[in-house]
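Notebook open, structure loaded. I wanted to look at one helix and what packs on it, then at a small sheet.

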Amino acid sequence: MKLTLKNIYHITLCTSLFLGFMSCELEDTVEEEKAPSEPEVILNTENSIMSFLVVLNDVEYKAEIDTLNNSILLILPFGTDLTSILPNVIVPENATISPNPSSVQNYEEGVIFTITAEDGSTKEYEVTIIAPSDENNIIDLTIENELSQSIRGFIDEESKSILFEVPNTLDLTAVKVSFTVPDMAISEPESDSVIDLSSTTTFSITAENGDVLEYTVSAYTENLLTNPNGDNNGSGWTFSPNTGVETNSEYGNIFYVTANDGDFSPHINQTINFPRDYSDKYVLFIGNLTTEKVIEDSITRHSYLWANQIGDFSPDDWIYMQGMIHSVGANEWEVVSGAHKLLPNVTGTYFKIAQGLRNGDPYDGTTCKFRDLEVRLFESAEDAAIYVSQIYNQ
């Protein structure tokens, strides 16, 4: 085939145009590849409540957040007004909370909050705020005697002790006890339980907020003295010469001891047999005493109480219980007392009221006087001290 010059020109021109076109396409492709791409936007998916707290009187109270059950519990002090709560709630960045915590103030019932993450996902939390009672005291407590009569206990809140004066005939091993505690409080044992009161027992009271308070509960005897008020006949007592009992319109019956010439130590005494085993427990002697005369720096003319224990023990274990002596001025009444631990196997005590005398002091007819005499048995020296300070003659 023969190619003419004209044909060669056309071929060359077409080839140049084609190559130019392809070069432009390649340049456009390269330019497109070099252009920067748009960054991918990642939205926050967090939709949890991170913190929930309330500030009261400059004190922060932080809630417990249960992430498993999506629940929140906040415990505030007893008495907090749950209709006026302004919580501080922290949620993730760019998340929203509905309703607005500042618009919800009444938490007497549970409140549902919805947290919406930046990506639109949601989570609900139920918020419960409580102000549980912290009251866990025993308000009133009684037991029943053998005649089904109620005996009210004395409650000493300072020491958290409760004392019952019980008849000597009452079976202490099975006593029905009834008592009152604040609403929502739980007691152990429960009211109307039968308990053993032959020794000190403990009651636990748990408040609504979980605080626990323990009371010790103990029994003590009635006055074990026979005819303690005298009744002007002295029945049950043994009198020495120059001793006796008289009636006073203001104070009632009063025992007296007078130290005359020839009398070393006149006294009045009584032997007491214990109604049950009181080994290792405590005996309390107490009375209101005075004297007509006091000799300075001497025990002379001071009225006093003393006793010894009776039981199956050796003379080496015999205990002389004294120190219960009138110590103030003449013609001033003073309550004196002493609590002493009893020996094992003790069965009773020999109780005496007398006037303190010292060899060489004059016997000048001074009279010492005694009233409101008592002998009682207690579980502990602490119980006896409560009786002396708060129950005796009150």
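**Helix 2 and its cover**

I started with what covers the buried residues of helix 2: the list includes strand 11 (154-156), strand 12 (161-166), strand 17 (212-221), strand 22 (282-291), strand 25 (334-341) and strand 27 (366-378). Helices (H or I, at least four residues) and strands (E, at least two) are DSSP runs numbered from the N terminus; contact means heavy atoms within 4.5 Å.

Note to self: this is a predicted model, where local features need pLDDT of at least 70, side-chain atom pairs count only at pLDDT 80 or more, and totals for chains, interfaces and linings use all residues. Residues are numbered from 1 along each chain as its sequence is written, and side-chain values use heavy atoms, with hydrogens and water left out.

Which residues of helix 2 are buried (under 20% relative accessible area, 1.4 Å probe, protein chains only)? I found Asp-383, Ala-384, Ile-386, Tyr-387 and Ile-391. Down the axis they fall within an arc of 155 degrees (directions from the helix axis to the C-beta atoms), so they line one face. On the other side, Glu-382 and Ser-389 are exposed (over 50%).

I then checked Asp-383, which is buried but has no salt bridge (Lys or Arg side-chain nitrogen within 4 Å of an Asp or Glu carboxyl oxygen). Its nearest side chain of opposite charge (Lys and Arg positive, Asp and Glu negative; His and chain ends not counted) is Lys-281, 9.4 Å away. Beyond four places in sequence, Asp-383 touches Leu-163, Ser-218 and Phe-378.

Just after helix 2, I noted a positive phi of about 55 degrees at Asn-393.
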